[in-house]
Amino acid sequence: MVEVALFAVGALVLLLTIGVPLPFCFGGALMIMTYVGDVSMKGNMMWGAGQLTNPILLAIPLFVLAGTIMSQSGIAASLLRFVNVFVGHIRGGLGIVASVSCAIIGAISGSGLTGVAAIGPLLIPEMEKRGYPRAYATALIANSSILGLLIPPSVTMIVYGWVTDTSILACFLATLGPGLLVTFNFAIINLIMARKFPLVLDDKPSMSEMIKEASSRTVHAIPALFMPIIILGGIYGGIMTPTEAAAVAVIYAIPVGFMIYKGLSWKSLLASGKESATAVGSIMFMILFSLILSQMFVVENVPQELVNAIFGITENKVLLLIFINVLLFLVGMVVNDITAIILIAPLLLPLMTAIGISPIQFAAIMGVNTAMGGVTPPYASILYLGARIGNVKFSEVVGPAMMLIVFGYLPVVVLTSFWSELSLFLPTVFGYQ
């Protein structure tokens, strides 16, 4: 049955790669499992549909809606102006603003696409005007937007925790360290690259001028800054579940956008709802089909057979971790992060447990690999969106994007896999490990 399961996954990946519509991709994989593997479809479909009623999944559409409203309302622009006052006069400072802003937006929305949509239209033209190559600015913002998959609350970690029955808060904490480290790496890389660009910088303000401007922008940004404080403080303080925090984010963003930043109108609010509904519909279809396929694998005992097959090749922990990282990276290159997690996590979790990797550390390993896949061709959904928003050719963005991945992201993947403290320190502090 392992051979049939791998054949089904291979067919799914191939169909996704050549651009076949999503339902037909999963339909092909399900047909292989049904007719070649002789697995019953009806019971698994009923089980998958039942799983979609889980209240935890309600956090996904709510966080997507909160992120969409935030990008329309002026909250993102206010956060951007707040960060820029401290580094706008530094060579490479605007690039740091881009990276940090995307991390903040990701912390609020839980989505990588929101960072590109909210920050790209604001910063890419400004960075080009200040002397950054447009392709580099686009690549930096697109790569920084994947931090939305790592900086909690993350939609992918909600899905991982739900699929593997792991504490979602522990999963949030596990990816926070890697996410902050990637943010730091991108900032350092940007400072180095900025030396090569003919940048136009702000005049260095005096201390009194900086204090005055910082005070003014801080007052203006306080309502926007309260949003991540309320969401993350509520979740980590045990006051709210992720679903409740997502609902609070939406409830908070609407009056702030209407009455304080005045970026929202009834028309733009309805447009945000429509955009979110379209995105959520696609996500839920992926979750449903992925669930049915992964349940078929579980019913047929495929994960245990896969563990035995891999242990028949080697039992060396280092080699197995390298193999698993390469596999996750390749899967992330051709399918989106949610599909990868639902399909792969149940298959590989028994193997990771067998070699001494906890489900919480595996959450971080899966998170960093699938996030990296979002900007790695051929799938590269976030990178494609960045190229469209930045109005540059995809071929021009790939070069700087790969440079950021190799030097900013890949080292974090290695550290997350082989240095457990990076992902387990915070969960241990909070009593989850």
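## Packing and surface features of a predicted model

Leaving aside its neighbours within four places in sequence, Tyr-160 is in contact with Thr-166, Cys-171, Ile-341, Ala-345, Leu-349, Pro-359, Phe-362, Ala-363 and Met-366, where contact means heavy atoms within 4.5 Å. This is a predicted model, in which local features need pLDDT of at least 70 and side-chain atom pairs count only at pLDDT 80 or more, while totals for chains, interfaces and linings use all residues. Residues are numbered from 1 along each chain as its sequence is written, and side-chain values use heavy atoms, with hydrogens and water left out.

Tyr-160 is also among the residues with the most contacts inside the largest nonpolar core, together with Met-127, Phe-362 and Tyr-409, and this core has 121 residues. A nonpolar core is here a set of buried Ala, Val, Leu, Ile, Met, Phe, Trp, Tyr and Cys residues joined through side-chain atoms within 4.5 Å; buried means under 20% relative accessible area, exposed over 50%, and partly exposed in between (1.4 Å probe, protein chains only). Helix 16 (residues 337-354) gives the most to this core, with 12 residues; helices (H or I, at least four residues) are DSSP runs numbered from the N terminus, as are strands (E, at least two). Another core, of five residues, lies apart from the largest one and includes Ala-170, Ile-360, Ala-364 and Leu-424.

Leu-424 belongs to helix 20 (residues 421-429), in which Leu-422, Ser-423 and Pro-427 are buried as well. The buried residues of helix 20 pack against helix 10, helix 17 (359-373) and helix 19. Helix 20 is followed by Gly-431, whose phi is positive, near 80 degrees.

Positive phi values also occur in two loop residues other than glycine, Asp-165 and Asn-391, which are set side by side below.

| Residue | Phi | Loop | Relative accessible area |
|---|---|---|---|
| Asp-165 | near 60 degrees | between helix 9 (155-164) and helix 10 (168-194) | 73%, exposed |
| Asn-391 | near 55 degrees | between helix 18 (381-390) and helix 19 | 64%, exposed |

On the surface, Val-318, Leu-319, Ile-322, Val-326, Leu-330, Val-414 and Phe-418 form a nonpolar patch with about 600 Å² of accessible area together. The elements that give two or more residues to this patch are helix 15 (317-334) and helix 19 (394-418), and helix 15 gives the most, with five residues. Patches are made of residues with over 30% relative accessible area and no salt bridge, like charges being joined within 9 Å and nonpolar side chains (Val, Leu, Ile, Met, Phe, Trp, Tyr) within 5 Å; the areas come from the Shrake-Rupley method with a 1.4 Å probe, and for residues only the protein chains shown count as cover. Val-414, placed in helix 19, counts as partly exposed because its relative accessibility is 45%.

The structure holds five aromatic pairs. The rings of Phe-258 and Trp-266 have their centres 4.9 Å apart and their planes at 45 degrees, so this pair is tilted. Rings of Phe, Tyr and Trp (its six-membered ring) pair if their centres lie within 6.5 Å, with planes under 30 degrees apart counted as stacked, over 60 as edge-to-face and the rest as tilted. Within this pair, Phe-258 is partly exposed at 22% relative accessibility, whereas Trp-266 is exposed at 64%. Tyr-132, Tyr-136 and Phe-197 form one aromatic cluster.

The structure holds one salt bridge, formed by Arg-134 with Glu-128, the closest N and O atoms being 2.6 Å apart; the term requires a side-chain nitrogen of Lys or Arg within 4 Å of a carboxyl oxygen of Asp or Glu. Arg-134 counts as partly exposed at 21% relative accessibility, and Glu-128 likewise counts as partly exposed at 39%.
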